[in-house]
Amino acid sequence: MIEKKTVPMREQPVEQRIKNFDEVALGYSEEEAIKESERCLQCNKKPCVSGCPVNIEIPEFIKFIRERKFQQGIDIIHQTDSLPAVTGRVCPQEDQCQAVCVLKKSGEPISIGRLERFLADWEQKNNKTIKKQNITKNLSSKIAIIGSGPAGLACATDLAKIGYEVTVFEGYHKLGGVLTYGIPEFRLPKDIVEKEINLLKNLGVKFMTNILIGRVLTIKDLFELGFKAIFIGAGAGLPKFMGIPGENLNGIYSANEYLTRTNLMKAYLFPQYDTPIKKAKNVLVIGGGNVAMDAARTAIRLGAKNVYLAYRRSEQEMPAREEEIVRAREEGVKFMLLTGITKYFGDENGFVKQAQCIKMDLKEPDFSGRRSPVPKQGSEFILDIDQAIVAIGTTPNPILQKTTPELKTKPTGEIITNEFCMTSIPGVFAGGDIVTGSATVITAMGAGRKAAYYIDRYLTNL
Ligand SMILES: Cc1cc2nc3c(=O)[nH]c(=O)nc-3n(C[C@H](O)[C@H](O)[C@H](O)COP(=O)(O)OP(=O)(O)OC[C@H]3O[C@@H](n4cnc5c(N)ncnc54)[C@H](O)[C@@H]3O)c2cc1C
Ligand code: SF4
């Protein structure tokens, strides 16, 4: 008889975790992972594999866990996923592989993400390294990757594995993109990301930090330096604002700045670290995605008394992962659903002191397929706040396009590519959020891998 329920994963208790930035989910022990793996039916048709954007051979790695062959298990994952400790933690498995697991018809699906995380953590604990593939080609070409987020890292890994000389240029002083500066420590510990990147360094990938392409060097300079192909994985890090009165008041942040200060600059450890962050009492977060949940949960940990989350639609339309919504609620975030913000009021020193909110009704679906919010006239109300964090999305930074005008982009800033991931400039490829707009870690990785495949074909004239 197959157990209907998944093996639960241990977590820090709520009352403890809201006072620290340590990881909330604690992972499976060996026994728990083996017990969960024993629920897998090893289906012939493997629907879970087609549900995974990078097609990890899920039943195979689960079989190896069952047999306690953890090295073989993680080797399977590495064939298609270079950041399993990351994806095992942050992938929306509930909408992907787990959504199509056959066990879902009669109970809970296999916890594929937790099992993936178990193997990846086992690998890190045991200081394993990733094997290079058999190099069959004589490859001396140098390839430049712009950006060290999931798209850039996945592209770099695949190209290095087949023997290319790969250099990653990163604008920040730390590697990892959103994994390092966006997603908070309590969801994705930074030492896990660092260790995962160190595994890639063992493949021979070179990393150059503090080099913003478009400012320090241009795309043309990279070709002159001898790079034969370039991959742009520069993400979509430019925050959007609402453009409403009072938005320039002090105390109103983009989620991007707020999370970068806390994660990358470790502001929560100020004054041990140099970057301060205002610890507010009444915080308003605007948005309903993972970024909004991360900002709200960070504000709780920084000691806010009230954290309100205003979202224009209902919970059903929220793009955030379900488990993050649940955790945000457990931690005390007050959800203000069907609520928009129309203006802010400041005090005599220019600091935000109130937000004017308005209730919304949902009408016909808009271009995104979600029902569109329409303000309810006369339903305005005032909320006392001393901080607001705007998490309504991001767009690509225009710096590359400005310094390379022949690089074609959409009016909204995303780089245009063809079916071979190539941009309007021959030899320049792109993928991840810079092409699709804000998406997910695994889709960015999938795009990086696809581009690596076409870069190899381009350089070998296939
Ligand atoms: C707070 C937050 C939470 C999220 N939570 C989740 C989640 O739970 N699950 C999930 O799947 N996805 C999540 N996402 C989305 C996911 O992180 C992104 O879709 C993914 O990181 C995109 O990868 P990327 O490589 O395209 O870009 P990025 O991760 O943005 O990396 C781009 C990198 O390029 C660098 N760069 C930019 N321009 C230049 C330049 N000109 N020169 C050199 N370097 C440059 C940047 O500094 C950055 O390091 C979240 C995003 C945020 C912001
Ligand atoms: S669909 Fe579910 S039960 Fe079937 S092989 Fe995949 S994980 Fe196992």
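# A walk through the predicted model

Leaving aside neighbours within four places in sequence, Thr 395 is in contact with Ala 236, Gly 237, Leu 238, Lys 240 and Thr 412. The model is a predicted one. Thr 395 sits in strand S15, which covers residues 394-395. Is Thr 395 buried or exposed? Its relative accessible area is 19%. Buried means under 20%, so Thr 395 counts as buried.

Now look at Lys 376. This residue is in the loop that joins strand S12 (371-375) and strand S13 (381-384). Lys 376 has a relative accessible area of 37%. The partly exposed class runs between 20% and 50%, so Lys 376 is partly exposed. Which residues does Lys 376 touch, not counting those up to four places away in sequence? They are Ile 358, Lys 359, Met 360 and Asp 361. Another residue to find is Thr 339, 37 residues from Lys 376 along the chain. The C-alpha atoms of Lys 376 and Thr 339 are separated by 9.6 Å.

Next come the helices. Start with helix H5, residues 70-78. Its buried residues are Phe 70, Gly 73, Ile 74, Ile 76, Ile 77 and His 78. What do they pack against? Their partners are helix H2 (30-37), helix H4 (58-66), H6, H7 and H8.

Follow H8 onward. Helix H8 (residues 150-161) packs with helix H17 (residues 441-459) at an angle of about 35°. Their axes are 7 Å apart. The crossing of H8 and H17 is right-handed. On the H8 side, the contact is made by Pro 150, Ala 151, Ala 154, Cys 155, Asp 158 and Leu 159. H17 brings Val 441, Ala 444, Met 445, Gly 448, Arg 449, Ala 452, Ile 455 and Asp 456. An α-helix has 3.6 residues a turn, so residues three or four places apart point the same way. By class, the residues of this contact between H8 and H17 are ten nonpolar, one polar and three charged.

Finally, turn to a pocket. The second largest pocket holds about 570 Å³ of space. It is lined by 27 residues, and the closest to its centre are Glu 94, Gln 98, Arg 114, Arg 321 and Glu 323. Helix H6 (84-90), helix H7 (112-125) and helix H14 (322-330) each give two or more residues to this lining. Which element gives the largest share? H14 does, with five residues. The lining of the second largest pocket divides into eight nonpolar, six polar and 13 charged residues.

Note on methods: Residues are numbered from 1 along each chain as its sequence is written. Chains are lettered from A and ligands numbered from 1 in the order in which they are written. This is a predicted model: local features need pLDDT of at least 70, side-chain atom pairs count only at pLDDT 80 or more; totals for chains, interfaces and linings use all residues. Side-chain values use heavy atoms; hydrogens and water are left out. Axes are lines fitted to C-alpha atoms, for helices over the stretch in contact, and angles run from 0 to 180 degrees between N-to-C directions. Helices (H or I, at least four residues) and strands (E, at least two) are DSSP runs, numbered from the N terminus. A crossing is left-handed if the near helix is turned anticlockwise from the far one by less than a right angle, and right-handed if clockwise. Contact means heavy atoms within 4.5 Å. Ala, Val, Leu, Ile, Met, Phe, Trp, Tyr, Cys and Pro count as nonpolar, Asp, Glu, Lys and Arg as charged, and the others, Gly among them, as polar. Buried means under 20% relative accessible area, exposed over 50%, partly exposed in between (1.4 Å probe, protein chains only). On a 1 Å grid over the protein atoms alone, a cavity is a set of points where a 1.4 Å probe fits but cannot get out, and a pocket is an open set with protein on both sides within 12 Å along at least five of seven lines; lining residues have an atom within 4 Å of a point. Grid points are joined across faces, edges and corners, and a volume is the space filled by probe spheres set on the points.
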